[in-house]
Amino acid sequence: MDAAFTSFSPYSLSRNSFPSTFLSTNNFPSLTSLSFAKFVFTKQSYLSLRGPFNSHSIKVQASEIPPTDPQNEEDFILEDVPHLTTFLPDLAMYTNPLKKTQAYAIVKQTFVTPEDVVAHKVYFKSEEVRACIVTCGGLCPGINTVIREIVCGLNSMYGVEEILGIQGGYRGFYSKNTVQLTPKSVNDIHKRGGTFLQTSRGGHDTNKIVDNIQDRGINQVYIIGGDGTQKGAAAIYKEVERRGIKVAVAGIPKTIDNDIVVIDKSFGFDTAVEEAQRAINAAHVEVESVENGVGIVKLMGRYSGFIAMHATLASRDVDCCLIPESPFYLEGQGGLFEFVEQRLKENGHMVIVLAEGAGQEYVAQSFHASAEKDASGNRLLLDVGLWLTQKIKDHFTNVRKMAINMKYIDPTYMIRAIPSNASDNIYCTLLAHSAIHGAMAGYTGFTVGPVNSRHAYIPISRVTETTNIVKLTDRMWARLLASTNQPSFLGCEVVQERFANTIDDDFHNLKITSI
């Protein structure tokens, strides 16, 4: 299976708090199981993970350990990933059928690379596996690729024949029929956008879902979804553990916004940024073809502005990027209106990229909106793009007495409904295979993803504790400001106060994380 050793700071979920590690394979014994106990990084250069290896150990070399607090020797934790044997201690083990497959037969090492671990023993007989796959939440490029690779991977690597597709999200467990999935039925679904299994928001009833899992004899559950979906997966795992049934629960994190913490990035993000370029390019062509053209492109990003930030950096045609994490204001010195006027005088046109979650407080004040939520518990957003378009038009028409040509482009559904690109297709394959190997090896209540470029298993609870956001004190945002030369909007007292709090929080985190 892909590397099942993860390191966490007990105080922060910053990606930078994960040191790079080297897994030594010298004198490594036949692997029967992986260690499930907790161990910590201290000031020592390495530690030994002791598990059921007949007193042997795996040495984990820490190459980038940040300074430790003299009062606290537990800065970094190698945290155990839940395993079926935690609540089913007498669970039988079987020889891993991977060793008999054409793909893995020639692999003689237990560690193929430091990131690719293959267990000699598994906790499921192939003929006894009855797996299911469910997709929940919004759409994202690559969902169908993950589905396909789970089905094909289970079948070709482990000989699993019984794979069910749960239709329509979580409520599909108890309100809709399932569909039998085979390599043939999913053969070309990666060429389509959306989800082959359909999706929905909400509908999570833990007891009904686990009852249905038991009734159908399912013993492996693969759950593809974002933050709310993974919280539901954690609840399913806890109920499975409480009932003491042999069911491995594996999550594959999905969000087009790239706002899942711990992992380096979410699948579909690269595709979304690439597709956003088409909308930005269209806006640029439109506004440079008219006098005083102002183009606004609204991109996805409810709480995190990663798509907008990366699309802006990749484009080079964007004059200003507005994201939820960076407050802005319209009027007065250093405001957006002043910057728009300046760019129009300099270039005759400008393009603004706007994340959907930016400026929501201003829109809500304008429309006296209430804080309604959707079925997934997400705050319903007002259309900040239309609001900003009208504000700019009104200001220059009524106040500056200046004629401008406004162009508003909202490619939201075009971006998220397309198939994944080559990079994301490969990434989706790695995620799917990691989930399969982990489930077969008996891990449960885990999610998969790269941490500092190394694929790891992560307890689901760790990826649902908070949201990954753009840090205004990080170099990537500084690069964007340097690229666009846009104002930082620090001339407003409200913005200054909010920004100061952000800096304080970041520096507090820096005490316990590396940079």
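**Annotated binding positions and a helix contact**

Gly 202 sits in the loop that joins β13 (178-180) to α4 (206-216). The model is predicted. In this model, Gly 202 is partly exposed, with a relative accessibility of 23%. The residue belongs to a group of positions that UniProt lists, in an unreviewed entry, under "binding site". The group consists of Gly 138, Arg 201, Gly 202, Gly 226, Asp 227, Gly 228 and Thr 229. These positions span 92 residues in sequence, yet no two of their C-alpha atoms are more than 12.1 Å apart, so they gather at one spot.

Thr 229 is another member of that list. Its place is in helix α5, which covers residues 227-243. Thr 229 has a relative accessible area of 7% and is therefore buried, the cut-off being under 20%. Residues up to four places away in sequence are set aside in its contact list. What remains is Cys 136, Gly 137, Tyr 170, Ile 223 and Ile 224.

A further "binding site" annotation comes from UniProt, again from an unreviewed entry. It covers Thr 255, Ile 256, Asp 257, Met 300, Gly 301, Arg 302, Glu 356, Tyr 413, Met 414, Ile 415 and Arg 416. Two of these positions, Gly 301 and Met 414, were examined for location and accessibility.

Gly 301 is located in the loop between β16 (293-299) and α7. Its relative accessibility is 0%, so Gly 301 counts as buried. Beyond its neighbours within four places in sequence, Gly 301 contacts Asp 257, Pro 324, Ala 355, Glu 356 and Gly 357. Asp 257 and Glu 356 are themselves on the annotated list.

Met 414 lies in helix α11, residues 412-416. At 52% relative accessibility, Met 414 is exposed. The cut-off for that class is over 50%.

Helix α7, residues 306-315, packs against helix α13, residues 475-484. The angle between them is about 45°, and the axes are 10 Å apart. That angle makes α7 oblique to α13. The crossing is left-handed. On the α7 side, the contact involves Met 309, His 310, Thr 312 and Leu 313. On the α13 side, Met 476, Trp 477, Arg 479, Leu 480, Ser 483 and Thr 484 take part. By class, the residues of this contact divide into five nonpolar, four polar and one charged.

Phe 173 was also examined. This residue lies in helix α3, residues 172-175. Phe 173 has 0% relative accessibility and so counts as buried. With neighbours within four places in sequence left aside, Phe 173 is in contact with Cys 132, Val 134, Ile 166, Ile 209, Asn 212, Ile 213, Arg 216 and Val 221. One of these partners, Asn 212, is 39 residues away along the chain. The C-alpha atoms of Phe 173 and Asn 212 are separated by 6.3 Å.

Technical notes. Residues are numbered from 1 along each chain as its sequence is written. This is a predicted model: local features need pLDDT of at least 70, side-chain atom pairs count only at pLDDT 80 or more; totals for chains, interfaces and linings use all residues. Side-chain values use heavy atoms; hydrogens and water are left out. Axes are lines fitted to C-alpha atoms, for helices over the stretch in contact, and angles run from 0 to 180 degrees between N-to-C directions. Helices (H or I, at least four residues) and strands (E, at least two) are DSSP runs, numbered from the N terminus. Angles under 35 degrees count as roughly parallel, over 145 as roughly antiparallel, 65 to 115 as roughly perpendicular and the rest as oblique. A crossing is left-handed if the near helix is turned anticlockwise from the far one by less than a right angle, and right-handed if clockwise. Contact means heavy atoms within 4.5 Å. Ala, Val, Leu, Ile, Met, Phe, Trp, Tyr, Cys and Pro count as nonpolar, Asp, Glu, Lys and Arg as charged, and the others, Gly among them, as polar. UniProt positions are given in the numbering used here, feature names are shortened, and annotations may be inferred rather than shown by experiment. Buried means under 20% relative accessible area, exposed over 50%, partly exposed in between (1.4 Å probe, protein chains only).
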